[in-house]
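User: I have a structure to go through. Take my questions one at a time, and keep the answers short.

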Amino acid sequence: MGRTKSGDAVFTRRECLKCGLCCINTEMILLKSDIRRLCSLGYRLEEFAVFKSGFWRLRNVDGHCFFYEPLSGKCLIYRYRPLGCRVYPIIWVEGVGPVVDEECPLAHTLTKEEWNEGLKLLRKFLEMLSRDYGVDIG
């Protein structure tokens with residue numbers, strides 16, 4: 001498991017840098033710290049986010065995340081991506097808890113170490129989500 005400049009990540013495999021399935025029709029919730037970081041890169045909130053169902057979320061353009069470049073298959077902000085993106089492919093399913101998203105082509109390759117690190121990051125995400133939006137999901 002590797003590290004990114006902006007912190008830990010569950011997957012940092014080369015395949016993840018070109019797959020993009022997780023960037024299609026995203027519903028990724030943005031934390032306040034994600035928004036501040038992306039705005040500090042010169043992006044405007046209205047460009048990359050939409051307020052939907054009580055949360056700021058990554059905006060979809062033509063069916064993919066605003067930051068996903070379909071021609072290259074790369075994330076334009078990969079090193080600075082939101083915490084929820086760094087936690088992926090571990091997701092929170094209402095009424096179930098943390099699971100590995102089976103839609104990820106590498107889901108079956110998740111190691112025990114990645115799962116444990118991912119759970120730590122997911123807990124951090126859920127704590128920040130609660131603080132930022134006043135909701136208790138986990």
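The questions below move from the overall fold to single residues.

User: This is a model, so where do the coordinates come from, and how many helices and strands does the protein have?

Analyst: The model is predicted. Along the chain from the N terminus, the elements run β-β-α-α-β-β-β-β-β-β-α-β-β-α. The secondary structure comes to 4 helices and 10 strands.

User: What share of the residues in the protein is buried?

Analyst: The protein exposes about 8,000 Å², and carbon and sulfur atoms supply 53% of that area. A residue counts as buried under 20% relative accessible area. Of the 138 residues, the buried share is 41%.

User: Among contacts with a separation of 6 or more, what percentage comes from residues 24 or more positions apart?

Analyst: Thr26 and Cys65 give one example of distant residues meeting: they are 39 residues apart in sequence but 6.1 Å apart in space, C-alpha to C-alpha. Thr26 also touches Cys65. For the protein, the percentage is 67%.

User: How do strands E3 and E4 run, and how many bridges join them?

Analyst: E3 covers residues 49-52 and E4 covers residues 55-58. Lys52 has Phe55 as its bridge partner, and Ala49 has Leu58. The strands run antiparallel, and the number of bridges is 4.

User: Which residue in the hairpin of E3 and E4 takes a positive phi?

Analyst: The hairpin has 2 residues between its strands. One of them has a phi near 55°. That residue is Ser53.

User: Which residue does Arg57 meet in a salt bridge at 3.7 Å?

Analyst: Arg57 sits in strand E4, and its partner sits in the loop between strand E2 (7-8) and helix H1 (32-40), 30 residues apart from Arg57. Arg57 is buried, at 11% relative accessibility, whereas the partner is partly exposed, at 44%. A network of salt bridges links the two with Lys52. The partner is Glu27.

User: Where are Arg37 and Asp34 relative to each other, and what is their N to O distance?

Analyst: Both residues are in helix H1, and because they are 3 residues apart, about one helical turn separates them. Arg37 is buried at 19% relative accessibility, and Asp34 is buried at 0%. Their side chains meet in a salt bridge, with an N to O distance of 2.7 Å.

User: Arg44 and Glu47 also form a salt bridge; which of these residues is exposed?

Analyst: The side chains meet at 4.0 Å, N to O. Glu47 has 25% relative accessibility, so it counts as partly exposed. The other residue has a relative accessible area of 52%. The exposed one is Arg44.

User: How many salt bridges does the protein have in total?

Analyst: The pairs include Arg57 with Glu27, Arg37 with Asp34, and Arg44 with Glu47. The cut-off is a side-chain nitrogen of Lys or Arg within 4 Å of a carboxyl oxygen of Asp or Glu. By this rule the count is 6.

User: Arg81 is buried yet has no salt bridge; which backbone oxygen does its side chain reach?

Analyst: Arg81 lies in the loop between strand E8 (74-75) and helix H3 (83-87). The nearest side chain of opposite charge is Asp34, at 9.7 Å. A salt bridge needs a separation within 4 Å, so Asp34 does not qualify. At 2.7 Å, the side chain of Arg81 reaches the backbone oxygen of Tyr78.

User: What do the buried residues of H1 pack against?

Analyst: The buried residues of H1 are Ser33, Asp34, Ile35, Arg37 and Leu38. After H1 comes Gly42, with a positive phi near 105°. The packing partners of those buried residues are helix H2 (45-48), E4, H3 and helix H4 (112-133).

User: Thr26 lies in a loop; is Thr26 buried or exposed, and which residue's backbone nitrogen lies 3.0 Å from its side chain?

Analyst: The loop runs between E2 and H1. At 8% relative accessibility, Thr26 counts as buried. Thr26 touches Leu58, Asn60 and Cys65, not counting residues up to four places away in sequence. The backbone nitrogen lying 3.0 Å from a polar atom of the Thr26 side chain belongs to Met28.

Methods:
Residues are numbered from 1 along each chain as its sequence is written. This is a predicted model: local features need pLDDT of at least 70, side-chain atom pairs count only at pLDDT 80 or more; totals for chains, interfaces and linings use all residues. Side-chain values use heavy atoms; hydrogens and water are left out. Buried means under 20% relative accessible area, exposed over 50%, partly exposed in between (1.4 Å probe, protein chains only). Lys and Arg count as positive and Asp and Glu as negative; His and the chain ends are not counted. A polar contact is a pair of N or O atoms within 3.5 Å; within protein, one must be able to donate a hydrogen and the other to accept it, and residues adjacent in sequence count only if both atoms are side-chain atoms. Contact means heavy atoms within 4.5 Å. Accessible areas come from the Shrake-Rupley method with a 1.4 Å probe; for residues, only the protein chains shown count as cover. Two strands pair if DSSP finds at least two bridges between them.
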